[in-house]
Amino acid sequence: MPSLKDLKTRIDSVKSTRKITKAMQMVAAAKLRRAQEAAEAARPYTERFNAVLGGLAASVGGSDSAPKLLSGTGSDQVQLLVVMTSERGLCGGFNTSIVKLAKARAAELIANGKTVKILTVGKKGREQMKREFEDQLIGHVDLSEVKRLGYNNAQDIAKDLLSRFDTGEFDVCTIFFNTFKSVISQVPTAQQIIPASFEEAEGESPLYDYEPSEEGILADLLPRGVATQIFAALLENAASEQGARMSAMDNATRNAGDMIDKLTIEFNRSRQAVITNELIEIISGAEAL
Amino acid sequence: MADTMQFDLVSPERALASLQANSVQIPGAEGDMTAMPMHAPTITTLRPGLLSVTGPEGTETYAVTGGFAEITAEGTTVLAERAYSVDAEGKQAIEDHLAEARAAAESALPEHKDTANKLVADFAHLLETMV
């Protein structure tokens, strides 16, 4: 049975934990709003871009002269997995769910005799992937110094990927990130970015004149497309991270509250027991006289 | 014939402008072109240059570094990789880009040398016209 003093210290410590988780939840809520706004603001570009690129890809895709970024290298032997996670912890199952998906994919590919290479973005994912796939890790992108995600962060990652692709380091590239559905639901997603895959364009688009040629534009746009897709994924991930942290911290705050209630009841009971004990001692002492 | 059309300028990070315009001068990869309402549908890539939009409220000019433009009869959409306003801040940014392009041209492989040098020239020209 813990002493009264022990109980008192525990209650105080849980109370200060609750204050911290509450504050973290509020910070996450504010950051989430900003992350969502950024994702919202980036949407028009991504949509227009994919529409134009999709149309172009559909008209050029079939020909032999199609760029490698679109048609692929003709093999799928070497697979690059880009695992995007957060730089900080305390965000519930956010990182675990991405890593789980990536690990399952990696294990499946290895079982099928493919070569797997892994590039990690974000410290947390690296730590977790390292345990099982240390030999497959070929690089890491550190975003911990980045205060505000910009397009140039995505461009740097894309540049790295493209130079690796040009030197023939891999055939297929897939990115793993969390899609933001709501504060309580983030869906881990795998998306193949090299060779590029597009959804069929809907409806009829007008017949465009192209300047320079269709192939020229496609060759110019595909590398940008990689950066655009990575940027969209980074933004989704950032919003998801804050959402996951917010609900994790909300749970933690509630649990701390429950715990304080329980401990307070225990504290009061033992306090009463102590008083009763003292009374019994005094009374029995008086009777003995 | 309508005398204005919808003009949108978007960068990956946000939409920069959305307004009615009479004409839009675009720094196309193969030369400047001016889009007006009822222009034939065209898609062109951009080189670093000045993009100027003339609307009922006057002319707005932006410095863009690259990207592409989609022109249809009803409107023009410019998807710029980066766009700056023409002021001291924008000039500083373009100067940085120029330095970066120069460094890239130095280390470029022989087969990419021409493209890299052209990029440097385009940035240098843009910087001059911004003065």
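**Chain A and its contact with chain B**

Chain A contains six helices and six strands, and in this predicted model their order along the sequence reads α-α-β-α-β-α-β-α-β-β-β-α. The chain is more spread out than a compact globule, because its radius of gyration is 28 Å, well over the 19 Å that the globule rule gives for 289 residues. Taken along the principal axes, the box that the C-alpha atoms of chain A fill comes to roughly 110 × 40 × 30 Å. Of the 289 residues of this chain, 34% count as buried, and among the contacts in chain A with a separation of 6 or more, 79% are made by residues 24 or more positions apart.

From chain A itself, the description can now pass to its partner. Between the two chains, 22 residues of chain A are in contact with 21 residues of chain B. On the side of chain B that touches chain A, at least two residues each come from strand 5 (42–46), strand 8 (67–71) and strand 9 (75–80) of chain B, and strand 5 of chain B gives the most, with four residues. By character, the residues on this side of chain B divide into nine nonpolar, seven polar and five charged.

Strand 5 of chain B also takes part in strand pairing across the two chains: three bridges join it to strand 6 of chain A (residues 209–211), and the two strands run parallel. Within this part of the structure, Glu211(A) stands opposite Thr44(B), which belongs to strand 5 of chain B.

Methods
Residues are numbered from 1 along each chain as its sequence is written. Chains are lettered from A and ligands numbered from 1 in the order in which they are written. This is a predicted model: local features need pLDDT of at least 70, side-chain atom pairs count only at pLDDT 80 or more; totals for chains, interfaces and linings use all residues. Two residues are in contact if their C-beta atoms, placed from the backbone, lie within 7 Å. Ala, Val, Leu, Ile, Met, Phe, Trp, Tyr, Cys and Pro count as nonpolar, Asp, Glu, Lys and Arg as charged, and the others, Gly among them, as polar. Two strands pair if DSSP finds at least two bridges between them. The radius of gyration is taken over C-alpha atoms; the globule rule is 2.2 Å times the number of residues to the power 0.38. A residue is buried if 20 or more other C-beta atoms lie within 10 Å of its own, exposed if 12 or fewer, and partly exposed in between; C-beta atoms are placed from the backbone.
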